[in-house]
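Me: I'm new to this one and would like to get to know it step by step. Could you show it to me, and then I'll ask my questions?

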Amino acid sequence: REKILQVEQLTKHFDMGRGKMLKAVNEVSFDVHKGETFGLVGESGCGKSTIGRTILGLYQKTSGNVIFDGMNVHELSEKERFAFVRRMQMIFQDPYASLNPRSTVKEIISEPMEIHGLYKDSKERLERVYELLEEVGLNRDHVNRYPHEFSGGQRQRIGIARALALDPEFIIADEPISALDVSVQAQVVNLLKRLQKEKDLTFLFIAHDLAMVRQFCDRIGVMYLGHLVELTDSDSLYEDPLHPYTKALLSAIPIPDPDVEEKRERIILKGELPSPINPPSGCVFRTRCPMAMEICSKVKPAWQEAKQNHYVACHLYNKELTEADKKEAAPV
Ligand code: SF4
Ligand code: MG
């Protein structure tokens, strides 16, 4: 399938002052294909939101490239950037924080259309607001209400309607269901799936765990401490996870069947998540990895295709590592 987005060796560091650098995103590469849902998964603080914002150009990159439909998004003129924003929109985690509490639903949804000069008059725009409300499962009678009058799930629907107002082709959804009740999460995911089909959308879907994303995502990248550690299609990731971190994340998802749940081995990660200001040498996961070897503290594992279309950064899959290397290896 056609690549609509290419993220190449993207690095984003934040200068924290006094010589400290927060290494939020480090040499991350992946492609997103037109029409797919690409999931980016990892604990909070792993850099996934920073990647989303850097792709959108809300943050300048430190190095690397973000190419959208052949354009380098960090080298656009003001005019080109304006056109780009119409094509790529974002849905946020907390719809309450991202919607202006003093604006009505009508104002919230029509604002992007006004800024971009879509539709000739306010009557046409209002018609479009009605249409969008219906598309996201809200009622047109809601137009004059304020965000606080809605439930969390409804507010997220308003956020989705606003993101759709410019008729984008690519949506970055930054944990759009994490703040919602479990009972509402599936409804919002189903809405996004339906909209994707109807509007031919491409999604970058950011999530903090692997529950809920399997059915929605075509391919998934797993992140840990600012690094991409594994990438493959959803089924391969769930059925045959390679990276020790992915295995631990999967083992934390409860299984509804109590018999299976009881017998299952749960991988508990030791220690705390290290600071991205002072990440471990070698493999960033080594301080918590149950499989860590001596080489893991010395050499950063290369990104490699361990199986067809299944990429991982871990020395366990390094074919060039000799048996001697592995024998020598002792737990850290
Ligand atoms: Fe664990 Fe070493 Fe693989 Fe890192 S490279 S995930 S520490 S085995
Ligand atoms: Mg985040």
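**Getting to know the structure**

Me: Which residues come nearest to ligand 1?
Reply: This is a predicted model, where local features need pLDDT of at least 70, side-chain atom pairs count only at pLDDT 80 or more, and totals for chains, interfaces and linings use all residues. Residues are numbered from 1 along each chain as its sequence is written, and chains are lettered from A and ligands numbered from 1 in the order in which they are written. A residue is near a molecule if its C-beta atom, placed from the backbone, lies within 6 Å of it. Of the 14 residues around ligand 1, the nearest are Cys283, Arg286, Cys289, Cys296 and Cys314.

Me: And by class, how many residues in the shell around ligand 1 are nonpolar?
Reply: Here Ala, Val, Leu, Ile, Met, Phe, Trp, Tyr, Cys and Pro count as nonpolar, Asp, Glu, Lys and Arg as charged, and the others, Gly among them, as polar. The shell around ligand 1 has 2 polar residues and 1 charged residue, and the nonpolar count is 11.

Me: Which residues does the "domain: ABC transporter" annotation cover?
Reply: That label comes from an unreviewed UniProt entry; positions are in the numbering used here, feature names are shortened, and annotations may be inferred rather than shown by experiment. The annotated span is 37% helix and 28% strand, with its end C-alpha atoms 27 Å apart. It covers residues 5-250.

Me: Is strand E9 mostly buried or exposed?
Reply: Strands (E, at least two residues) and helices (H or I, at least four) are DSSP runs, numbered from the N terminus. A residue is buried if 20 or more other C-beta atoms lie within 10 Å of its own, exposed if 12 or fewer, and partly exposed in between, with C-beta atoms placed from the backbone. Arg219, Gly221 and Met223 sit on one side of E9, and Ile220, Val222 and Tyr224 on the other, with both faces covered. For E9 (residues 219-224), 6 of its 6 residues are buried.

Me: In which sense does E9 pair with E10?
Reply: Two strands pair if DSSP finds at least two bridges between them. E3 (residues 37-41) pairs with E9 in the parallel sense over 4 bridges, and there Gly39 stands opposite Ile220. Gly221 of E9 stands opposite Leu231 in E10. Over 6 bridges, E9 and E10 (residues 227-233) pair in a sense that is antiparallel.

Me: Which residue in the hairpin of E9 and E10 takes a positive phi?
Reply: Most residues other than glycine have a negative phi. This hairpin has 2 residues between its strands, and the one with a positive phi, near 45°, is Leu225.

Me: How about the hairpin of E11 and E12: which residue takes a positive phi there?
Reply: E11 (residues 303-307) and E12 (residues 310-313) pair in the antiparallel sense over 4 bridges, with Val312 as the bridge partner of Gln304. Again there are 2 residues between the strands, and the phi near 55° belongs to Asn309.

Me: Why do the buried residues of H5 line one face of the helix?
Reply: H5 (residues 122-135) has buried residues Val129, Leu132 and Leu133. The face turned away from them carries the exposed residues Lys123, Glu124, Glu127, Glu131 and Glu134. The arc is taken from the directions from the helix axis to the C-beta atoms. Seen down the axis of H5, the buried residues line one face because they fall within an arc of 100°.

Me: What span should the 18 residues of H7 have?
Reply: The expected span of a helix is 1.5 Å times one less than its number of residues. The end C-alpha atoms of H7 (residues 182-199) are 26 Å apart, which agrees with the expected 26 Å.

Me: Which are the edge strands of the open sheet E2-E1-E4-E5?
Reply: The 4 strands of this sheet pair in the antiparallel sense. Inside it, 5 bridges join E1 (residues 3-17) to E4 (residues 63-68), and Leu5 has Phe68 as its bridge partner. The strands that pair on one side only are E2 (20-33) and E5 (71-72).

Me: Where is Tyr119?
Reply: Tyr119 has a positive phi, near 70°. With 16 other C-beta atoms within 10 Å, Tyr119 is partly exposed. Its place is in the loop between H4 (105-115) and H5.
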